[in-house]
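Welcome to a short set of exercises. Please open the sequence and the structure side by side before you start.

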Amino acid sequence: MDERVGEDLVSAEVVSLPVTLGLMLLAFGALVAAGIPVLLAVSSVAATLGISAVLSHVVPADPTVASMIVLIGMAVGVDYTLFYLKREREERARGRTTLDAVEIAAETSGHAIVVSGIAVIVSLGSLYLLQLATFTSLATGAVVVVAVSVVGSITVLPALLVALGRWVDRPRVPLLWRLQRRIGPGGISRRVLAPAVRHPLAAVLVAGVACLVVAAPALGLRLHGPDLGTLPPDLPEVRTLTRVADTFPSQGSTLDVVVRGPVAQSEDVVAALRSLEVTAVGSGRFQDLGVAALTSADDGRTHVLTLAVPLEGADPALDDVVRDLRDDLVPAALEGLAVEHAVGGAPAYDLDHTERQSQLMPWVIGIVLLLTWVTMAVAFRSTSVALLSTVLNLLSVGVAFGVLRMVFQEGWLSGPLGFTSPGFVIDWVPLFVMVILVGLSMDYHVFVLSRVRERIGQGVATRTAVREGIGDSAGVITSAAAVMVAVFAIFATLSMLELKMMGVALAVAVLVDATVIRLVLLPGLLTLLGDRVWRRSLPAPAPAEPRPLVPA
């Protein structure tokens with residue numbers, strides 16, 4: 001499995017780099033400008049992998065953490081650089097000097113990057129509340145790569161832009177450069193945005209209902225831990241293990257009844273456990289283990305009875321078997337004995353783990369949304385903006401969960417995506433997808449709302465400010481979303497099912513978030529709410545006036 005994860009990681013890196021570079025060429029039309037986001041993203045990933053190697057001596061290191069670092073690092077690294085670089089080029093196109101353009105980009109896009117990075121880190125930090133090794137490992141890797149990307153974007157990037165000056169736009173790719181100039185910034189996105197501003201109520205109703213329809217299946221999401229059925233079937237070891245489990249009951253789904261008590265009651269405990277074995281096998285819900293089912297410690301105090309269950313690990317009926325054994329069969333067999341007991345084994349662990357996660361998930365979701373609300377309220381000094389951001393983030397999460405259920409639990413598109421549906425979603429994936437999605441969607445939200453507030457602060461009418469602010473940022477959002485969707489889609493082609501689940505859910509959700517939500521729902525709602533959204537929000541600071549590079 002470690003070898004396969006390593007192969008998948010290399011495959012993702014090899015494919016994602018040229019794809020990202022190609023998208024950046026389409027966005028900028030110049031080779032140097034296209035290479036800067038890729039260079040900073042790759043360097044952020046490399047630095048994080050080195051830092052994670054040190055941190056692995058302190059916190060757990062899940063086998064998939066390296067893949068996750070590449071996944072998140074390429075996405076946010078390119079995004080942050082894209083936001084900054086686009087604003088710097090925009091200011092230079094207005095006649096500013098390079099230094100002035102970089103300073104204005106720092107005051108506007110740089111501020112948005114810091115706020116966005118804090119929102120992402122706060123969202124990811126909620127995973128520590130679960131106190132589970134997998135989430136702790138993934139959260140640590142993600143927090144570090146986001147922090148490194150933010151630091152690089154507000155230190156290395158501006159220094160690099162000042163050093164390069166107008167060489168950023170060289171060498172130009174003639175066809176792409178002319179095409180970009182002809183279309184203009186956000187030319188395609190503005191065509192989607194215009195109807196939403198002209199007819200906000202209709203836009204909100206249509207887009208909102210569409211998102212709710214996609215999100216509705218999330219209510220039937222079934223979580224389960226990974227098992228043999230979720231491993232790549234092309235691995236010879238997986239096929240062998242599957243045959244062994246089918247042939248030998250002791251190597252399939254088994255439950256362990258562990259009893260500890262005084263030595264004086266040893267014979268009574270053994271007799272009770274043998275009676276339990278007969279009763280369990282006779283019920284038809286268990287089967288003969290095929291080997292000695294009862295073992296005892298040398299001191300005679302501890303005894304273990306292993307019971308085989310003729311069900312696959314993903315079968316929902318297996319959970320009922322665990323509950324019946326714990327609640328009815330074992331207490332009845334040990335009645336009258338002064339002993340302590342427990343029921344363990346892989347099926348029992350999966351049940352306990354999933355139930356604990358299900359109990360904590362509403363709290364984690366609530367904390368993520370609350371912290372996001374606080375972050376946005378502090379950043380924009382508007383509770384209305386914060387509430388709107390929280391609701392739209394929740395809608396994005398619903399879309400991702402709905403896609404997870406229909407694709408992986410129900411098996412839609414399993415053929416084209418190259419997997420066999422296990423009938424459930426791997427338990428840790430939805431929660432991790434949620435915090436990643438909330439964090440990444442804040443990139444767009446902070447950047448877009450900063451542009452709108454900039455116009456509001458200049459005295460522009462709300463409807464015009466929404467149209468111009470979102471329109472000016474639409475090109476950047478489209479380019480950033482294209483990179484994210486492309487990187488996540490690459491992970492959807494990998495053989496590890498959990499990485500495939502993350503890739504599909506994030507690719508679809510980011511696509512919906514950057515188009516339907518940010519270009520239709522957000523402008524529609526902002527237009528409908530009007531000045532009420534910004535009533536308590538302080539105006540954004542006006543961009544600094546250009547100053548000569550050489551003192552007069």
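The exercises below go from the whole chain to single contacts, each with a worked solution.

A note before you begin: this is a predicted model, in which local features need pLDDT of at least 70, side-chain atom pairs count only at pLDDT 80 or more, and totals for chains, interfaces and linings use all residues. Residues are numbered from 1 along each chain as its sequence is written, and side-chain values use heavy atoms, with hydrogens and water left out.

**Exercise 1. Describe the protein as a whole.**

Step 1: Begin with secondary structure; the protein has 18 helices and 6 strands. Helices (H or I, at least four residues) and strands (E, at least two) are DSSP runs, numbered from the N terminus.

Step 2: Turn to the dimensions; the C-alpha trace spans about 100 × 45 × 40 Å along its principal axes.

Step 3: Look at burial; 53% of the 552 residues are buried. Buried means under 20% relative accessible area, exposed over 50% and partly exposed in between, with a 1.4 Å probe and protein chains only.

**Exercise 2. Work out the pairing of strand β4.**

Step 1: Locate strand β4 at residues 302–309, where 6 of the 8 residues are buried.

Step 2: Find its partners, given that two strands pair if DSSP finds at least two bridges between them. Strand β2 (residues 253–260) runs antiparallel to β4, with 8 bridges joining them. Within this pairing, Val258 has Val304 of β4 as its bridge partner.

Step 3: Add strand β3 (residues 294–296), which is also antiparallel to β4, over 3 bridges. Here His303 in β4 stands opposite Ser296.

Step 4: Inspect the hairpin of β3 and β4; it has 5 residues between the strands, and Gly300 takes a positive phi near 75°.

**Exercise 3. Follow helix α18 to its end.**

Step 1: Trace residues 497–529 and find a kink of about 45° centred on Ile517. The bend at a residue is the angle between axes fitted to the seven residues ending there and the seven starting there.

Step 2: Check the cover; 26 of the 33 residues of α18 are buried.

Step 3: Move past the helix to Gly530, which follows α18 and has a positive phi, near 65°.

**Exercise 4. Classify the ring pair of Trp428 and Phe432.**

Step 1: Recall the cut-offs: rings of Phe, Tyr and Trp (its six-membered ring) pair if their centres lie within 6.5 Å, and planes under 30 degrees apart count as stacked, over 60 as edge-to-face and the rest as tilted.

Step 2: The structure holds 2 aromatic pairs. In the pair of Trp428 and Phe432, the ring centres are 6.2 Å apart and the planes are at 70°, so the pair is edge-to-face.

Step 3: Check the surroundings; Trp428 and Phe432 are both buried.

**Exercise 5. Which salt bridges does Glu91 form, and what does Arg323 pair with?**

Step 1: Count a salt bridge when a side-chain nitrogen of Lys or Arg is within 4 Å of a carboxyl oxygen of Asp or Glu. The structure holds 15 of them.

Step 2: Glu91 bridges to Arg94, with the closest N and O atoms 3.0 Å apart, and to Arg96, where the closest N and O atoms are 3.3 Å apart. Glu91 is buried, with a relative accessible area of 1%, and Arg96 is buried as well.

Step 3: Widen the view to the salt-bridge network, whose members include Arg87, Glu90, Arg451 and Glu454.

Step 4: Arg323 forms a salt bridge with Glu355, the closest N and O atoms being 3.0 Å apart. Arg323 lies in helix α12 (residues 317–333) and Glu355 in helix α13 (residues 346–380), so this pair ties together parts that are 32 residues apart in sequence.
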